[in-house]
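I opened the notebook to record what I looked up in this structure, taking one topic at a time.

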4 protein chains.
Amino acid sequence: MKSTNATTELCRYNETEIFVRERNLCTELIGKTSFTEFVFMQVTGRNCGPTERAVLDAVLVTLCEHGMTPSAAAARLTYLGAPESLQGAIAAGLLGVGSQFVGTMEGSATILCQLADSGDGAEATARDIVAQHRAEKKSLPGFGHPHHRPDDPRPAALFAVGRAAGVSGRYIGLLEMLSREIDRAYGRHLTINATGAIAALLLEIDVPPSVMRGFAVLSRAAGLIGHLYEEQRKPAGGAMWKAVDAAVPYEAP
Amino acid sequence: MKSTNATTELCRYNETEIFVRERNLCTELIGKTSFTEFVFMQVTGRNCGPTERAVLDAVLVTLCEHGMTPSAAAARLTYLGAPESLQGAIAAGLLGVGSQFVGTMEGSATILCQLADSGDGAEATARDIVAQHRAEKKSLPGFGHPHHRPDDPRPAALFAVGRAAGVSGRYIGLLEMLSREIDRAYGRHLTINATGAIAALLLEIDVPPSVMRGFAVLSRAAGLIGHLYEEQRKPAGGAMWKAVDAAVPYEAP
Amino acid sequence: MKSTNATTELCRYNETEIFVRERNLCTELIGKTSFTEFVFMQVTGRNCGPTERAVLDAVLVTLCEHGMTPSAAAARLTYLGAPESLQGAIAAGLLGVGSQFVGTMEGSATILCQLADSGDGAEATARDIVAQHRAEKKSLPGFGHPHHRPDDPRPAALFAVGRAAGVSGRYIGLLEMLSREIDRAYGRHLTINATGAIAALLLEIDVPPSVMRGFAVLSRAAGLIGHLYEEQRKPAGGAMWKAVDAAVPYEAP
Amino acid sequence: MKSTNATTELCRYNETEIFVRERNLCTELIGKTSFTEFVFMQVTGRNCGPTERAVLDAVLVTLCEHGMTPSAAAARLTYLGAPESLQGAIAAGLLGVGSQFVGTMEGSATILCQLADSGDGAEATARDIVAQHRAEKKSLPGFGHPHHRPDDPRPAALFAVGRAAGVSGRYIGLLEMLSREIDRAYGRHLTINATGAIAALLLEIDVPPSVMRGFAVLSRAAGLIGHLYEEQRKPAGGAMWKAVDAAVPYEAP
């Protein structure tokens, strides 16, 4: 653990004032900015204009709720054992927001950045990437969905929001080009999915891939409040327990 | 684990559509509702009007960021050991959003509900509650702050937002009355703090006390993204480790 | 946050030695003490004699594994989304080790301490406690089990270990007396359950109630390793997802 | 989520009996097996002989406690905000048991397996691995320590336990060979560290790399109980908060 001169530029306060990135919380922010605008500003340090706001709102709305996901189930099963700790049940649900579902947006964003860096060679790069994934039998992050066929309905809605809000469309265009290359290479249609579209939209507003997962976690945290409030009024955790127990029976080795 | 007929009313979907509380996600929500409005609707099942939106935005903006809190430190120290899991570092930071800091909003809300139920006897009830807390040397939830003196600046800002947004002002009024009784009984001024004010504001828009902590968790989740993104670019976790190690030296028993 | 002179007496180290509670880790502990003995010593600061060791081993063995519990299911569902973070899946499973299942050992221990403090009046105190719980329709912590009837098989095994290991038997005796009063008051047999028996056993070796839950968490952490290793080789998370989704269908409000 | 015929072979039970991997919990395990033996059997499905027991006890004793680590600090800072949830504070501490500290045992184990697979070419393979890490300026997992110089004292103690307990010594030997190649290539001595030694020991008893981190999590869970029990009696969380706040001051951008 080497000595560091670590500093923070997020927040300072005194007895009567709080400043978040040099804006006075009580006179400049509370009542004058939406939560979405505040979050964009707090995280990135940049002002949240109408374009960023429209895109980030759309992204956060998209990922919040999708029924009895593993994440929602983990939160409800945890609440069954520890109702004294709402934060614990939310945390349990968030711990599954990892590499396999929404975390694929990082992989998708990385590919889109590669394509952007290829300039005129973007189509050739796309063909190479698709060919390599096919050869290694790896799925392409941002494509395919277990429930939604032939097309996940969210990407089109997200692209429309982005374009109406005035993004450049560069990353959306690259994702659509990649999609065409995939369909050609596989000889069948594979949908762009929500995390692929969100990767493109967040790149349009300059959110770096390394922090994208954070916005997915934020959105799911909100969704889990809804699940746990429903759990308080209409408990489902007991039924879930019974269901998982029945679904995975004992079998002697 | 008794058999239950558990159901959910949060979300349904088919191959081409997703409905959250019967609204079509892609045609009615994405691009047409802010994250704050969506969250209010998803959690409570009610439409989010301009009053609810203004109040909830103000509440979420208020709690998001307050510097190097124990929560932010826990998240950064966790990230130091497991940078592969942004969700794990966020979850670690959220696990401290419990009874001692923001969780006091539930205690505060419970007292405000008691006062509301007392009708004309609210002042007498307030005096009793204050006397009882003094006798038991228990702190009154929603009052006092370690840093902000003589007054936490956030309650006034929050009350102004609420009143401008058209809340009835019933719970704000009860909290202000309670504050006067406290000052009288203690013979000195104790500030209403942010969690006290937020308890009143959330009651004004009919958010039940049992789920209030969820909104604090949501707001802090956003704040932790900012801390971890800063940690990625300007690591402070090593300096924190060194600091806690020095702050708590070994002493033989 | 008041200034404190905080110190720790757990561990000190230099470039070539590590001392845990003043024992040299490498020359006095590794290879010379079992994990159970080490844990008892590290947590309590006392030496772990053969009595403490036998009791703590029995307690930790008892709570480790009980099939597809909500805790095991939460861990497996979390692993499905984030296999890169074994620690995250274990943490998710541990977050449900709260007030409703194993956490009842604290309530049970508190009652046993009350009985112990009552001296000759223990039976009268037991009758009062039982009557009060009946009047308030509250379940008695440490009694009853959803699966095991008429008797949870674990308490008898635990008591036998404790007695063979030379505990005084004071708390076991009080729990058995309480059990008789419960059966008399309810007019039917209610089993002592594992957490009740464990509360008594841990009191016999002077483990304070405030930290008992920690040993349950430790034991379950071990059990979850087994579940996640099985999940690596024979994935069940997908089947669990499908099962909870089917078990809690959508119903329009 | 494809349909699966998921089963478990960990545990079955009926009204009066519990079986863990076909052993009767109450008649064959409680009082007849140590926690360490039980855990080895529950996780791996194999009997825990004296060799496995000695090795696993030594491993678990080694990793349990090392002072005010980031993990211990995260747990204590979390407990400060949520003392109602001991499990939450433990979970927060465990979330940092990731790729950067103890998680390096997986990387170390992977290299040792590569060496083992190389048969007579092990030394050449070791030279290649060392050269490649040097060229990429990557640290070699299992080597080096920030505090312990010139040698981490734990590996020698662990190797002695393993050899006395009758392991084959194959992986210990390969790690020692790798250590010699490293010292030669770097022209200076780099210590084998605890996680490197533990990787070798766990391979000696056939614990697969994919689950090794679980045992580190288990050991640290125990250590965190000790930290939180000390925190209950001698709170240090407030001093830690103050220390991290002072260590990372605000600096305007």
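Which residue of S3(D) is the bridge partner of D:Phe19? I found that the partner is D:Asn24, and I note here that I am reading a predicted model throughout.

I then looked at how these strands are joined, and saw that strand S2 (residues 18–20) of chain D is linked to S3(D) by two bridges, with the two strands running antiparallel. In chain D the open sheet has three strands in the order S1-S2-S3, with antiparallel pairing. Strand S1 (11–13) and strand S3 (23–24) of chain D are the edge strands, each of them pairing on one side only. As background I wrote down that strands of a sheet pair through backbone hydrogen bonds.

Next I turned to the contact of chain C with chain D, to which chain C gives 88 residues and chain D gives 88 residues. The area buried between the two chains is about 7,400 Å², and carbon and sulfur atoms give 68% of that area.

For polar links I looked up the salt bridges across the interface of chain C and chain D, of which the rule finds two. One of them, I take it from its partners, is the pair of D:Lys234 and C:Glu9, whose closest N and O atoms are 3.9 Å apart. I also listed the residue pairs in polar contact across this interface, and the rule finds 24 with both residues at pLDDT 80 or more.

Last, I asked what makes up the side of chain C that touches chain D, and found that helix H11 (residues 209–233) of chain C gives the largest share, 18 residues. By class, that side of chain C has 43 nonpolar, 27 polar and 18 charged residues.

Methods: Residues numbered from 1 in each chain as written. Chains lettered and ligands numbered in written order. Predicted model: local features only at pLDDT ≥ 70, side-chain atom pairs only at ≥ 80, totals over all residues. Heavy atoms only, no water. Contact = heavy atoms within 4.5 Å. Buried area = accessible area lost by both parts, 1.4 Å probe. Salt bridge = Lys/Arg side-chain N within 4 Å of Asp/Glu carboxyl O. Polar contact = N/O pair within 3.5 Å; in protein donor to acceptor, adjacent residues only side chain to side chain. Helix = DSSP H or I, 4+ residues; strand = E, 2+ residues; numbered from the N terminus. Nonpolar A, V, L, I, M, F, W, Y, C, P; charged D, E, K, R; others polar. Pairing = 2+ DSSP bridges.
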